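I opened my notebook to get to know a new structure. Here is what I looked up, one entry at a time.

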Amino acid sequence: MKDIIKIAWRNLWRNRRRTIITASSIFFAIFFAIVMRSFQIGTYKHMVKISIESYLGYLQIQNPDYFDDPSIDNVFEFTLEMLEEITKTVNVKVAVPRIESFALASTGMLSKGVMLTGISPEKEKEMSNPEQKLVHYAVTDKAIEHLQQKIKPDVIELLKIHNNTSFSSAEKLATALDFQTEDSLILQTVLAQTHVASGYLSENDEGVLISDRLSKYLKVSVGDSIILIGQGYQGSSAAGIYPVRGIVKLPSPELDNKLVYMTLGNINTFLGLSEQVTSIAINIENTDEMYKTETVLKQTFENTKTCVKNWEELSPALKQQIESDSVSGILFLVILYVIIFFGIFGTLLMMISERMREFGIMVAIGMKKFKLVLIVVMEMLFLSLIGIFAGMAASVPVILYGYYFPVKLTGEIKDMMIELGMDPVFPFAWFGDYFYIQGVIVFIMILVACIYPVRTILKLNAIEAIRGK
Amino acid sequence: MNVIEVENLVKAYTDLALEVVAVDHVNLTVKKGEFTAIVGPSGSGKTTLLNMIGGLDKPTSGTIRVNNKDITQLNSKELINFRLHNIGFIFQSYNLIPVLTAKENVSFIMEMQGENRKTVDERVSEILTAVGLGDRMNSRPNQLSGGQQQRVAVARAMASRPQFIIADEPTANLDSKTTEKLLDLMEELNEKENITFLFSTHDQRVVNKARRIVVLEDGKVVEDNENIKQ
């Protein structure tokens with residue numbers, strides 16, 4: 001075996017240039033494949049994190065009928081023991097009870113269908129965290145009009161560009177208006193004029209938080225009240241008047257158009273429920289273990305009138321979006337691999353044809369064909385391993401950099417993405433299966449390419465090979 | 001004692017729809033330690049005959065016995081094994097393994113035979129010194145001259161002390177001085193180690209060294225002169 005390894009290794013360097021070119025092609029294929037997959041998977045995970053982790057939850061416990069018929073009648077009994085049971089499950093990070101329903105919101109002449117979300121304000125901070133999304137500054141016609149006499153026209157122009165835009169912090173407003181430190185006085189004036197006195201809900205609050213776009217539609221601001229009319233539990237009618245405590249700006253435009261947050265107690269009263277919820281949203285520590293956690297929770301609540309759903313079932317559109325994008329990425333990789341395969345196969349063809357005489361001699365002097373096959377396969381394995389390991393090694397710093405310093409879009413593309421409810425940040429994925437799979441694919445490809453020389457050697461006629469036929 | 005016994009050996013093949021008989025009912029017996037040249041014009045069937053005796057080619061009919069074993073009945077795998085343990089080959093174009101040193105080229109066959117490292121090292125050193133390459137053991141083929149490469153090939157063929165050595169035109173690519181030296185070497189090793197040599201040649205200098213000359217014409221043995229040097 002030692003001799004076979006020695007011959008294979010030395011054969012590899014007989015045509016140094018060809019070996020380097022072939023190993024380089026494998027190197028680049030592996031490098032690009034890994035970096036591309038890392039970028040794609042990282043982006044998908046980030047998308048999931050933004051849209052799933054920040055509202056929906058990776059897993060939800062619901063009434064089994066709620067998924068097909070999300071009616072307020074399909075609620076289930078909620079107890080603190082149940083919540084404890086969930087939170088002590090391995091991999092569960094946080095679990096929050098919610099009641100989701102629909103109602104008509106009205107303010108005088110204007111009305112709109114809204115989505116009511118009953119939350120536990122303190123617990124919800126660990127999930128969708130509405131407090132962080134509170135609007136503290138809003139550029140309005142009224143604010144611009146007041147500021148017109150007090151600040152420079154160029155700042156007014158900028159404010160007009162951002163008219164009807166809300167900001168959750170002074171920093172965000174300053175960045176949007178491109179304020180420099182020397183403009184701090186002007187900034188203070190703008191902040192004072194655009195300030196919105198948003199407050200968060202307390203546990204037994206009787207007020208509501210409404211989403212930014214909805215507040216603009218209904219023309220309500222903090223301190224105003226809205227009337228909610230809807231259908232309560234088991235056909236009862238629900239109606240009430242609720243003061244607006246704060247305005248929240250949600251990244252998803254769809255939610256931002258219709259969401260109203262209330263406390264669980266408040267919505268229970270509104271809908272005529274008693275200690276019931278429509279769902280318990282759950283976030284997990286390790287997303288790769290989601291199915292495992294789902295199974296554990298299913299077992300835990302096996303004998304209750306509940307079911308466990310994962311985010312892929314709850315948000316099939318996002319799953320489809322990721323899958324279709326992933327398919328295009330995989331298709332690109334397949335094309336890359338096919339090109340590389342033919343490159344390797346070409347090298348093999350040349351290697352075999354120029355060494356047929358040598359193979360004939362070796363068989364003539366008594367070398368078993370099996371050993372000859374081993375030499376050739378080993379040469380290809382050495383060649384591929386050089387390319388694979390070099391490609392993997394080169395991709396490591398790129399992945400680390402992309403993971404710790406994600407690509408951040410700027411300018412109009414950034415604004416457009418934010419407008420579409422997407423985060424303009426593209427982090428690379430941490431090392432996982434995708435990192436090793438590329439090497440395994442190339443390795444298998446090389447083994448497949450080796451079928452040709454193996455067949456050729458096994459069918460080799462020593463005399464014909466020596467004669468060069 | 002007969003090492004090789006060839007009986008009624010025929011090799012026929014079809015070339016452009018015509019049947020060509022390359023070896024035509026050849027009968028030949030080679031004794032242990034013989035130094036035999038097979039001569040004849042091009043196309044007389046020398047190489048075909050040697051290839052069949054060496055188990056590289058299958059005859060159309062007839063038998064070849066090596067130490068009383070009929071090698072025409074062996075399958076391809078058995079033939080490879082048979083060649084490994086019984087026959088040494090010297091080719092016209094040296095045909096050394098280019099990535100191995102002279103020493104490794106010689107030891108390669110012995111290692112394939114499963115000899116232990118100590119025996120291999122001793123024998124390789126002995127045989128390479130005998131062919132005058134004791135100081136070039138670690139050179140690769142491309143660092144050696146044609147004559148030196150052919151001497152390594154001789155050493156490779158002899159290293160495992162085979163039943164016989166087949167040399168197909170061993171001096172065809174060598175100049176006269178190198179040819180002379182190589183023939184002296186082969187003759188010396190033949191006498192010293194009592195290894196049977198069977199070679200095909202056109203070269204008169206090789207013929208002059210042979211102790212038996214078998215003349216082939218149109219695939220038939222037309223002359224067999226034994227003991228011509230004794």
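**Entry 1: a bridge between the chains.** I started with R10(A), and I found it in a salt bridge with E104(B), where the closest N and O atoms are 2.4 Å apart. I kept in mind that this is a predicted model. I then asked how many salt bridges the rule finds across the interface of chain B and chain A. The count came back as two.

**Entry 2: polar contacts and who supplies them.** Next I looked for residue pairs in polar contact across the same interface, and the rule gave me six, with both residues at pLDDT 80 or more. I wanted to know which elements of chain B give two or more residues to the side touching chain A. They are α2 (76-86) and α3 (102-113) of chain B. Sorting that side of chain B by class, I noted twelve nonpolar, six polar and six charged residues.

**Entry 3: the extent of the interface.** I counted contacts and got 24 residues of chain B against 21 residues of chain A. I reminded myself that interface size is often given as the accessible area lost when the parts come together. For chain B and chain A, I have about 2100 Å² buried, with carbon and sulfur atoms giving 63% of that. On the chain B side, I80(B), V99(B) and M112(B) lose the most area to chain A, and together they make up 25% of what that side buries.

**Entry 4: a sheet in chain B.** I moved away from the interface and traced an open sheet of four strands, in the order β2-β1-β4-β5 (chain B), with antiparallel pairing. Which strands are at the edges? I found β2 (18-31) and β5 (69-70) of chain B there, each pairing on one side only. I followed β5(B) to its neighbor, strand β4 (residues 61-66) of chain B, and saw two bridges joining the antiparallel pair. One detail I wrote down is that V66(B) has K69(B) in β5(B) as its bridge partner.

**Entry 5: a helix on the sheet.** I checked what helix α1 (residues 46-53) of chain B lies across, and the list is β1 (2-15), β2 and β4 of chain B. Relative to β2(B), this helix runs at about 60 degrees.

**Entry 6: a hairpin to finish.** Last, I looked at strands β9 (residues 212-217) and β10 (residues 220-225) of chain B, which pair in the antiparallel sense over five bridges. Within this pair, V215(B) stands opposite E223(B) of β10(B). The two strands form a hairpin with two residues between them. In the turn I noted D218(B), which has a positive phi of about 50 degrees.

Notes
Residues numbered from 1 in each chain as written. Chains lettered and ligands numbered in written order. Predicted model: local features only at pLDDT ≥ 70, side-chain atom pairs only at ≥ 80, totals over all residues. Heavy atoms only, no water. Contact = heavy atoms within 4.5 Å. Buried area = accessible area lost by both parts, 1.4 Å probe. Salt bridge = Lys/Arg side-chain N within 4 Å of Asp/Glu carboxyl O. Polar contact = N/O pair within 3.5 Å; in protein donor to acceptor, adjacent residues only side chain to side chain. Nonpolar A, V, L, I, M, F, W, Y, C, P; charged D, E, K, R; others polar. Pairing = 2+ DSSP bridges. Axes fitted to C-alpha atoms, helices over the stretch in contact; angles between N-to-C directions.
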